[in-house]
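Student: I have a model open and want to go through how its parts meet. Can we take it step by step?

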Amino acid sequence: MAVSQPAKPGPDLGVYLHWPFCQAICPYCDFNVIRARPMDQVAWAEHYVRELNHFHEFTPHHTLRSIFFGGGTPSLMQPEIVGLLIDHIKSLWQAPGAVEVSLEANPSDASAPILSGFANAGVNRLSLGVQALNDSDLKGLGRWHTSAQALKAIEHAKAIFPSVSFDLIYGRPGQTLDAWETELAQALALAPDHLSLYQLTIEPGTAFERAQARGRLIVPEEDDMAGFYETAGALCAKAGLDAYEVSNHARPGAACAHNLIYWRCGDYIGVGPGAHGRLSADGQRYATVAIKKPKEWAASVERHGHGRANMEALDKKDQLTELLLMGLRVQEGVDLARVQALSPGGLERNIMGDLQSAGLIATDALKIRTTQKGRAVLNAVLERLLN
Ligand SMILES: C[S@@+](CC[C@H](N)C(=O)[O-])C[C@H]1O[C@@H](n2cnc3c(N)ncnc32)[C@H](O)[C@@H]1O
(Lines give C-alpha, C1' and ligand atoms only; values in the text may rest on other atoms or scores of the structure.)
Protein backbone atom coordinates (compact mmCIF):
# COMPACT_ATOMS: atom_id res chain seq x y z
CA MET A 1 0.00 0.00 0.00
CA ALA A 2 1.77 3.19 -1.26
CA VAL A 3 1.79 6.16 1.20
CA SER A 4 1.47 9.55 -0.67
CA GLN A 5 3.02 12.81 0.68
CA PRO A 6 0.03 14.90 2.10
CA ALA A 7 0.16 18.75 1.90
CA LYS A 8 -1.01 19.23 5.48
CA PRO A 9 -0.49 17.30 8.76
CA GLY A 10 -2.26 13.94 8.56
CA PRO A 11 -5.29 12.85 10.58
CA ASP A 12 -5.20 12.53 14.34
CA LEU A 13 -3.80 9.29 15.61
CA GLY A 14 -4.28 7.29 18.79
CA VAL A 15 -1.75 4.60 19.73
CA TYR A 16 -3.09 1.68 21.79
CA LEU A 17 -0.61 -0.71 23.43
CA HIS A 18 -2.04 -3.94 24.81
CA TRP A 19 -0.09 -5.49 27.73
CA PRO A 20 -1.93 -8.80 28.24
CA PHE A 21 -0.26 -9.95 31.43
CA CYS A 22 -2.19 -10.14 34.74
CA GLN A 23 -1.34 -11.49 38.21
CA ALA A 24 -4.72 -13.28 38.18
CA ILE A 25 -7.56 -13.63 35.66
CA CYS A 26 -10.78 -12.06 37.02
CA PRO A 27 -13.79 -14.40 36.74
CA TYR A 28 -15.80 -11.88 34.67
CA CYS A 29 -13.03 -10.84 32.26
CA ASP A 30 -12.87 -11.83 28.57
CA PHE A 31 -10.20 -9.39 27.50
CA ASN A 32 -7.08 -10.89 25.85
CA VAL A 33 -5.20 -11.72 29.06
CA ILE A 34 -2.85 -14.38 30.45
CA ARG A 35 -1.26 -15.06 33.85
CA ALA A 36 1.96 -13.09 34.21
CA ARG A 37 5.15 -15.16 34.59
CA PRO A 38 8.65 -13.85 35.31
CA MET A 39 9.62 -12.14 32.03
CA ASP A 40 12.28 -9.98 30.38
CA GLN A 41 10.34 -6.77 29.86
CA VAL A 42 13.21 -5.20 27.87
CA ALA A 43 12.94 -7.98 25.30
CA TRP A 44 9.14 -7.58 25.15
CA ALA A 45 9.51 -3.83 24.75
CA GLU A 46 11.68 -4.51 21.69
CA HIS A 47 8.75 -6.37 20.10
CA TYR A 48 6.44 -3.39 20.75
CA VAL A 49 9.03 -1.01 19.27
CA ARG A 50 9.26 -3.11 16.10
CA GLU A 51 5.49 -3.28 15.70
CA LEU A 52 5.22 0.49 16.26
CA ASN A 53 7.79 1.00 13.48
CA HIS A 54 5.75 -1.29 11.26
CA PHE A 55 2.53 0.68 11.69
CA HIS A 56 4.41 3.97 11.33
CA GLU A 57 5.13 2.98 7.73
CA PHE A 58 1.38 3.25 7.04
CA THR A 59 0.88 6.49 9.01
CA PRO A 60 4.05 8.61 8.68
CA HIS A 61 2.16 11.92 8.48
CA HIS A 62 -0.48 11.29 11.13
CA THR A 63 -0.66 13.62 14.12
CA LEU A 64 -0.20 11.94 17.49
CA ARG A 65 -3.04 12.81 19.91
CA SER A 66 -3.11 10.00 22.42
CA ILE A 67 -1.31 6.95 23.77
CA PHE A 68 -3.19 4.33 25.78
CA PHE A 69 -1.60 1.47 27.77
CA GLY A 70 -4.41 -1.04 28.24
CA GLY A 71 -4.64 -4.61 29.37
CA GLY A 72 -4.40 -6.93 30.98
CA THR A 73 -2.51 -5.04 33.65
CA PRO A 74 -0.15 -2.36 32.34
CA SER A 75 0.63 -1.37 35.93
CA LEU A 76 2.77 -4.55 36.04
CA MET A 77 5.08 -2.90 33.50
CA GLN A 78 8.34 -1.38 34.73
CA PRO A 79 8.01 2.45 34.53
CA GLU A 80 11.25 2.62 32.51
CA ILE A 81 9.70 0.33 29.89
CA VAL A 82 6.61 2.53 29.74
CA GLY A 83 8.90 5.56 29.38
CA LEU A 84 10.92 3.90 26.62
CA LEU A 85 7.75 3.15 24.62
CA ILE A 86 6.29 6.65 25.12
CA ASP A 87 9.57 8.24 23.98
CA HIS A 88 9.74 5.94 20.97
CA ILE A 89 6.17 6.76 19.94
CA LYS A 90 6.85 10.49 20.29
CA SER A 91 9.99 10.07 18.15
CA LEU A 92 7.93 8.49 15.35
CA TRP A 93 4.89 10.79 15.02
CA GLN A 94 4.61 14.55 15.06
CA ALA A 95 2.76 15.88 18.09
CA PRO A 96 2.19 19.64 17.71
CA GLY A 97 -0.36 19.65 20.51
CA ALA A 98 -0.78 18.02 23.92
CA VAL A 99 -0.70 14.22 23.91
CA GLU A 100 -2.94 12.40 26.37
CA VAL A 101 -1.03 9.40 27.77
CA SER A 102 -3.27 6.98 29.70
CA LEU A 103 -2.36 3.88 31.65
CA GLU A 104 -4.71 1.32 33.19
CA ALA A 105 -3.65 0.34 36.70
CA ASN A 106 -4.83 -2.19 39.26
CA PRO A 107 -5.16 -0.69 42.75
CA SER A 108 -3.09 -3.63 44.05
CA ASP A 109 -0.10 -2.27 42.09
CA ALA A 110 -0.76 1.42 42.65
CA SER A 111 1.72 2.45 45.35
CA ALA A 112 2.88 6.07 45.29
CA PRO A 113 6.45 5.20 44.14
CA ILE A 114 5.19 3.09 41.22
CA LEU A 115 2.63 5.72 40.18
CA SER A 116 5.30 8.43 40.39
CA GLY A 117 7.46 6.24 38.18
CA PHE A 118 4.70 6.17 35.54
CA ALA A 119 4.18 9.93 35.82
CA ASN A 120 7.93 10.55 35.36
CA ALA A 121 7.82 8.22 32.35
CA GLY A 122 5.24 10.50 30.69
CA VAL A 123 1.86 9.12 31.75
CA ASN A 124 -0.53 12.03 32.41
CA ARG A 125 -3.85 10.19 32.85
CA LEU A 126 -4.39 7.21 35.16
CA SER A 127 -7.35 4.82 34.90
CA LEU A 128 -7.77 2.69 38.01
CA GLY A 129 -9.66 -0.60 37.88
CA VAL A 130 -11.44 -0.20 41.24
CA GLN A 131 -14.59 -2.15 40.26
CA ALA A 132 -16.34 -1.93 43.67
CA LEU A 133 -15.97 -0.08 46.98
CA ASN A 134 -16.92 -2.93 49.29
CA ASP A 135 -14.76 -5.86 50.21
CA SER A 136 -17.29 -8.68 49.84
CA ASP A 137 -18.11 -7.64 46.26
CA LEU A 138 -14.39 -7.20 45.49
CA LYS A 139 -13.86 -10.77 46.70
CA GLY A 140 -16.79 -11.94 44.56
CA LEU A 141 -15.20 -10.23 41.54
CA GLY A 142 -11.89 -12.02 42.22
CA ARG A 143 -10.03 -8.75 42.80
CA TRP A 144 -6.70 -8.68 44.69
CA HIS A 145 -7.30 -5.33 46.30
CA THR A 146 -9.50 -4.19 49.20
CA SER A 147 -11.70 -1.10 49.20
CA ALA A 148 -9.21 0.56 51.58
CA GLN A 149 -6.39 -0.11 49.07
CA ALA A 150 -8.58 1.27 46.27
CA LEU A 151 -9.27 4.48 48.21
CA LYS A 152 -5.54 4.82 48.93
CA ALA A 153 -4.71 4.28 45.25
CA ILE A 154 -7.21 6.97 44.20
CA GLU A 155 -5.69 9.36 46.73
CA HIS A 156 -2.15 8.69 45.44
CA ALA A 157 -3.26 8.99 41.83
CA LYS A 158 -4.97 12.33 42.41
CA ALA A 159 -1.81 13.67 44.06
CA ILE A 160 0.40 12.52 41.16
CA PHE A 161 -1.57 12.74 37.85
CA PRO A 162 -3.28 15.77 36.24
CA SER A 163 -6.17 13.50 35.23
CA VAL A 164 -7.58 10.50 37.07
CA SER A 165 -10.40 8.10 36.22
CA PHE A 166 -11.60 4.94 37.89
CA ASP A 167 -13.85 2.08 36.81
CA LEU A 168 -16.78 0.62 38.74
CA ILE A 169 -18.85 -2.36 37.68
CA TYR A 170 -22.55 -2.25 38.57
CA GLY A 171 -25.28 -4.89 38.40
CA ARG A 172 -23.17 -7.22 40.55
CA PRO A 173 -24.71 -10.39 42.02
CA GLY A 174 -26.99 -9.41 44.91
CA GLN A 175 -26.42 -5.66 44.42
CA THR A 176 -29.37 -3.45 45.37
CA LEU A 177 -30.18 -0.02 43.97
CA ASP A 178 -29.75 1.49 47.46
CA ALA A 179 -26.29 -0.03 47.82
CA TRP A 180 -25.36 1.27 44.35
CA GLU A 181 -26.57 4.78 45.24
CA THR A 182 -24.49 4.74 48.46
CA GLU A 183 -21.39 3.45 46.65
CA LEU A 184 -21.74 5.96 43.82
CA ALA A 185 -22.15 8.82 46.30
CA GLN A 186 -18.94 7.65 48.00
CA ALA A 187 -17.16 7.50 44.62
CA LEU A 188 -18.37 10.96 43.60
CA ALA A 189 -17.31 12.38 46.97
CA LEU A 190 -13.75 11.51 45.89
CA ALA A 191 -14.24 14.15 43.18
CA PRO A 192 -12.81 12.20 40.26
CA ASP A 193 -12.43 13.98 36.89
CA HIS A 194 -13.76 10.95 35.11
CA LEU A 195 -15.71 7.82 35.99
CA SER A 196 -16.29 4.69 33.87
CA LEU A 197 -19.38 2.84 35.10
CA TYR A 198 -19.83 -0.52 33.39
CA GLN A 199 -22.87 -2.77 33.62
CA LEU A 200 -21.64 -6.29 34.49
CA THR A 201 -21.83 -8.47 31.37
CA ILE A 202 -21.55 -12.26 31.58
CA GLU A 203 -19.07 -13.06 28.82
CA PRO A 204 -18.78 -16.42 27.04
CA GLY A 205 -15.97 -18.64 28.29
CA THR A 206 -15.58 -16.86 31.64
CA ALA A 207 -15.82 -18.37 35.13
CA PHE A 208 -18.88 -16.15 35.69
CA GLU A 209 -20.62 -17.72 32.69
CA ARG A 210 -19.95 -21.20 34.03
CA ALA A 211 -21.19 -20.20 37.50
CA GLN A 212 -24.33 -18.65 35.97
CA ALA A 213 -24.97 -21.82 33.96
CA ARG A 214 -24.82 -23.80 37.22
CA GLY A 215 -27.27 -21.36 38.86
CA ARG A 216 -24.53 -20.23 41.25
CA LEU A 217 -24.40 -16.66 39.98
CA ILE A 218 -27.51 -14.51 39.72
CA VAL A 219 -27.29 -10.98 38.42
CA PRO A 220 -30.03 -8.33 38.81
CA GLU A 221 -32.93 -8.34 36.32
CA GLU A 222 -32.82 -6.14 33.19
CA ASP A 223 -35.28 -3.65 34.75
CA ASP A 224 -33.07 -3.29 37.81
CA MET A 225 -30.08 -2.78 35.51
CA ALA A 226 -31.96 0.10 33.83
CA GLY A 227 -32.47 1.57 37.32
CA PHE A 228 -28.73 1.33 38.05
CA TYR A 229 -27.96 3.06 34.74
CA GLU A 230 -30.41 5.92 35.33
CA THR A 231 -29.19 6.40 38.89
CA ALA A 232 -25.60 6.58 37.64
CA GLY A 233 -26.48 9.26 35.08
CA ALA A 234 -28.50 11.30 37.56
CA LEU A 235 -25.96 11.23 40.43
CA CYS A 236 -23.00 11.91 38.14
CA ALA A 237 -24.79 14.85 36.47
CA LYS A 238 -25.62 16.29 39.90
CA ALA A 239 -21.89 16.05 40.79
CA GLY A 240 -20.88 17.82 37.56
CA LEU A 241 -19.81 14.75 35.58
CA ASP A 242 -21.53 14.68 32.21
CA ALA A 243 -22.51 11.35 30.64
CA TYR A 244 -20.61 11.96 27.39
CA GLU A 245 -20.75 8.23 26.47
CA VAL A 246 -22.93 5.24 27.46
CA SER A 247 -20.58 4.21 30.32
CA ASN A 248 -18.35 7.28 30.69
CA HIS A 249 -18.90 10.41 32.76
CA ALA A 250 -16.53 13.37 32.92
CA ARG A 251 -16.07 16.94 34.10
CA PRO A 252 -15.94 19.43 31.23
CA GLY A 253 -12.60 18.96 29.45
CA ALA A 254 -11.84 15.61 31.12
CA ALA A 255 -13.37 13.28 28.50
CA CYS A 256 -10.91 10.56 27.40
CA ALA A 257 -9.34 11.83 24.14
CA HIS A 258 -8.14 8.34 23.21
CA ASN A 259 -11.54 6.65 23.52
CA LEU A 260 -13.14 9.56 21.68
CA ILE A 261 -10.96 8.60 18.68
CA TYR A 262 -12.60 5.12 18.78
CA TRP A 263 -16.12 6.53 19.13
CA ARG A 264 -15.53 9.11 16.35
CA CYS A 265 -14.14 6.37 14.08
CA GLY A 266 -10.81 8.13 13.87
CA ASP A 267 -7.46 6.49 13.23
CA TYR A 268 -5.70 4.39 15.83
CA ILE A 269 -3.08 1.69 15.74
CA GLY A 270 -3.29 -1.36 17.97
CA VAL A 271 0.07 -2.77 19.11
CA GLY A 272 0.56 -5.92 21.17
CA PRO A 273 -1.12 -9.33 21.39
CA GLY A 274 -4.74 -9.25 20.19
CA ALA A 275 -4.80 -5.45 19.69
CA HIS A 276 -7.15 -3.94 17.11
CA GLY A 277 -6.54 -0.91 14.88
CA ARG A 278 -8.26 1.28 12.27
CA LEU A 279 -6.18 3.12 9.66
CA SER A 280 -7.10 5.45 6.81
CA ALA A 281 -4.74 5.50 3.86
CA ASP A 282 -5.32 6.55 0.24
CA GLY A 283 -9.09 6.76 0.58
CA GLN A 284 -9.32 3.29 2.10
CA ARG A 285 -10.10 2.37 5.70
CA TYR A 286 -8.37 -0.69 7.10
CA ALA A 287 -9.11 -2.86 10.13
CA THR A 288 -6.13 -4.57 11.73
CA VAL A 289 -6.00 -7.24 14.41
CA ALA A 290 -2.94 -8.79 16.03
CA ILE A 291 -2.21 -12.41 16.92
CA LYS A 292 -3.78 -13.10 20.34
CA LYS A 293 -1.36 -15.56 21.92
CA PRO A 294 1.58 -13.47 23.28
CA LYS A 295 4.30 -16.02 22.44
CA GLU A 296 2.96 -16.45 18.88
CA TRP A 297 2.65 -12.66 18.54
CA ALA A 298 6.27 -12.20 19.70
CA ALA A 299 7.51 -14.90 17.32
CA SER A 300 5.71 -13.21 14.42
CA VAL A 301 7.22 -9.83 15.32
CA GLU A 302 10.67 -11.43 15.34
CA ARG A 303 10.05 -12.97 11.91
CA HIS A 304 8.06 -10.24 10.15
CA GLY A 305 8.51 -7.09 12.21
CA HIS A 306 4.85 -7.23 13.23
CA GLY A 307 2.30 -9.57 14.83
CA ARG A 308 -0.61 -8.77 12.53
CA ALA A 309 -3.07 -11.61 12.17
CA ASN A 310 -5.16 -9.66 9.69
CA MET A 311 -5.48 -6.32 7.87
CA GLU A 312 -8.50 -5.83 5.68
CA ALA A 313 -10.08 -2.91 3.86
CA LEU A 314 -13.55 -2.04 5.20
CA ASP A 315 -16.22 -1.48 2.57
CA LYS A 316 -18.66 1.41 2.87
CA LYS A 317 -21.34 -0.74 4.54
CA ASP A 318 -18.88 -1.88 7.21
CA GLN A 319 -17.74 1.69 7.72
CA LEU A 320 -21.31 2.94 8.08
CA THR A 321 -22.11 0.21 10.60
CA GLU A 322 -19.05 1.17 12.68
CA LEU A 323 -19.78 4.87 12.37
CA LEU A 324 -23.24 4.35 13.91
CA LEU A 325 -22.25 1.58 16.37
CA MET A 326 -19.48 3.76 17.82
CA GLY A 327 -20.80 7.26 17.16
CA LEU A 328 -24.26 6.79 18.69
CA ARG A 329 -22.62 5.73 21.95
CA VAL A 330 -21.49 9.33 22.50
CA GLN A 331 -23.69 12.30 23.35
CA GLU A 332 -22.22 14.40 20.49
CA GLY A 333 -23.66 11.92 17.96
CA VAL A 334 -22.69 11.44 14.30
CA ASP A 335 -22.27 13.92 11.42
CA LEU A 336 -24.96 13.27 8.83
CA ALA A 337 -22.45 14.33 6.16
CA ARG A 338 -20.27 11.33 7.09
CA VAL A 339 -23.35 9.06 6.90
CA GLN A 340 -24.20 10.55 3.50
CA ALA A 341 -20.65 9.98 2.24
CA LEU A 342 -20.89 6.29 3.08
CA SER A 343 -24.50 5.76 2.01
CA PRO A 344 -25.73 8.32 -0.52
CA GLY A 345 -29.34 7.42 0.29
CA GLY A 346 -28.71 8.30 3.92
CA LEU A 347 -30.69 6.61 6.70
CA GLU A 348 -34.31 5.47 6.34
CA ARG A 349 -36.45 8.60 7.01
CA ASN A 350 -39.45 6.70 8.39
CA ILE A 351 -37.28 4.70 10.78
CA MET A 352 -35.57 7.88 11.95
CA GLY A 353 -39.05 9.41 12.36
CA ASP A 354 -40.24 6.47 14.50
CA LEU A 355 -37.14 6.58 16.69
CA GLN A 356 -37.45 10.35 17.06
CA SER A 357 -41.12 10.21 18.12
CA ALA A 358 -40.19 7.44 20.58
CA GLY A 359 -37.70 9.92 22.11
CA LEU A 360 -34.73 7.65 21.39
CA ILE A 361 -32.86 9.85 18.89
CA ALA A 362 -32.68 13.54 17.99
CA THR A 363 -31.60 14.94 14.64
CA ASP A 364 -30.86 18.37 13.21
CA ALA A 365 -29.43 19.55 9.90
CA LEU A 366 -25.96 18.35 10.80
CA LYS A 367 -26.21 15.49 13.31
CA ILE A 368 -28.02 12.37 14.44
CA ARG A 369 -27.75 11.74 18.20
CA THR A 370 -29.17 9.27 20.68
CA THR A 371 -30.96 10.70 23.69
CA GLN A 372 -30.04 9.48 27.20
CA LYS A 373 -33.14 7.25 26.90
CA GLY A 374 -31.91 6.01 23.50
CA ARG A 375 -28.43 5.23 24.86
CA ALA A 376 -30.03 3.00 27.51
CA VAL A 377 -31.45 0.82 24.67
CA LEU A 378 -28.71 1.45 22.11
CA ASN A 379 -28.72 -2.08 20.64
CA ALA A 380 -32.42 -1.80 19.81
CA VAL A 381 -31.89 1.63 18.18
CA LEU A 382 -29.00 0.29 16.07
CA GLU A 383 -31.04 -2.79 15.14
CA ARG A 384 -33.66 -0.46 13.63
CA LEU A 385 -31.21 1.89 11.92
CA LEU A 386 -28.98 -0.76 10.41
CA ASN A 387 -31.54 -3.40 9.34
C1 LIG B 1 -9.28 -3.71 30.28
S2 LIG B 1 -10.22 -3.75 31.69
C3 LIG B 1 -9.11 -3.16 32.90
C4 LIG B 1 -8.05 -4.08 33.23
C5 LIG B 1 -7.31 -3.77 34.52
N6 LIG B 1 -6.28 -4.70 34.63
C7 LIG B 1 -8.23 -3.94 35.72
O8 LIG B 1 -8.73 -5.00 35.90
O9 LIG B 1 -8.33 -3.02 36.46
C10 LIG B 1 -11.21 -2.36 31.56
C11 LIG B 1 -12.44 -2.35 32.44
O12 LIG B 1 -13.45 -3.13 31.82
C13 LIG B 1 -14.41 -3.45 32.82
N14 LIG B 1 -14.84 -4.82 32.58
C15 LIG B 1 -14.08 -5.87 32.25
N16 LIG B 1 -14.84 -6.98 32.08
C17 LIG B 1 -16.13 -6.61 32.34
C18 LIG B 1 -17.40 -7.28 32.37
N19 LIG B 1 -17.51 -8.58 32.08
N20 LIG B 1 -18.51 -6.57 32.67
C21 LIG B 1 -18.41 -5.24 32.93
N22 LIG B 1 -17.25 -4.53 32.94
C23 LIG B 1 -16.13 -5.22 32.65
C24 LIG B 1 -13.75 -3.27 34.18
O25 LIG B 1 -14.33 -2.17 34.85
C26 LIG B 1 -12.30 -2.95 33.81
O27 LIG B 1 -11.69 -2.04 34.70
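Student: Which domains does the domain assignment of the protein chain give?

Tutor: Keep in mind that this is a predicted model. The assignment splits off two stretches of the protein chain. They are domain 1 (12–260) and domain 2 (315–387).

Student: How many residues does the contact take from domain 1 and from domain 2?

Tutor: Start with the centres of the two domains, which lie 28 Å apart over C-alpha atoms. Contact here needs heavy atoms within 4.5 Å. By that rule domain 2 gives seven residues and domain 1 gives nine residues.

Student: Which three residues supply the most of the area that domain 1 buries against domain 2?

Tutor: Begin with the whole interface. About 750 Å² is buried between domain 1 and domain 2, and carbon and sulfur atoms give 48% of that. On the side of domain 1, 54% comes from three residues: Tyr229, Glu245 and Val246.

Student: What is the distance between the closest N and O atoms in the salt bridge of arginine 329 with glutamate 245?

Tutor: The rule finds one salt bridge across the interface of domain 1 and domain 2. The cut-off for a salt bridge is 4 Å. Arginine 329 and glutamate 245 meet it, with their closest N and O atoms at 2.6 Å.

Student: Which helix and which strand each supply at least two residues of the side of domain 1 that touches domain 2?

Tutor: Five residue pairs are in polar contact across this interface. The touching side of domain 1 has five nonpolar, two polar and two charged residues. The elements that each supply at least two residues there are helix 8 (222–238) and strand 9 (242–243).

Note on methods
Residues numbered from 1 in each chain as written. Predicted model: local features only at pLDDT ≥ 70, side-chain atom pairs only at ≥ 80, totals over all residues. Heavy atoms only, no water. Domains from an automatic or database assignment. Buried area = accessible area lost by both parts, 1.4 Å probe. Salt bridge = Lys/Arg side-chain N within 4 Å of Asp/Glu carboxyl O. Polar contact = N/O pair within 3.5 Å; in protein donor to acceptor, adjacent residues only side chain to side chain. Helix = DSSP H or I, 4+ residues; strand = E, 2+ residues; numbered from the N terminus. Nonpolar A, V, L, I, M, F, W, Y, C, P; charged D, E, K, R; others polar.
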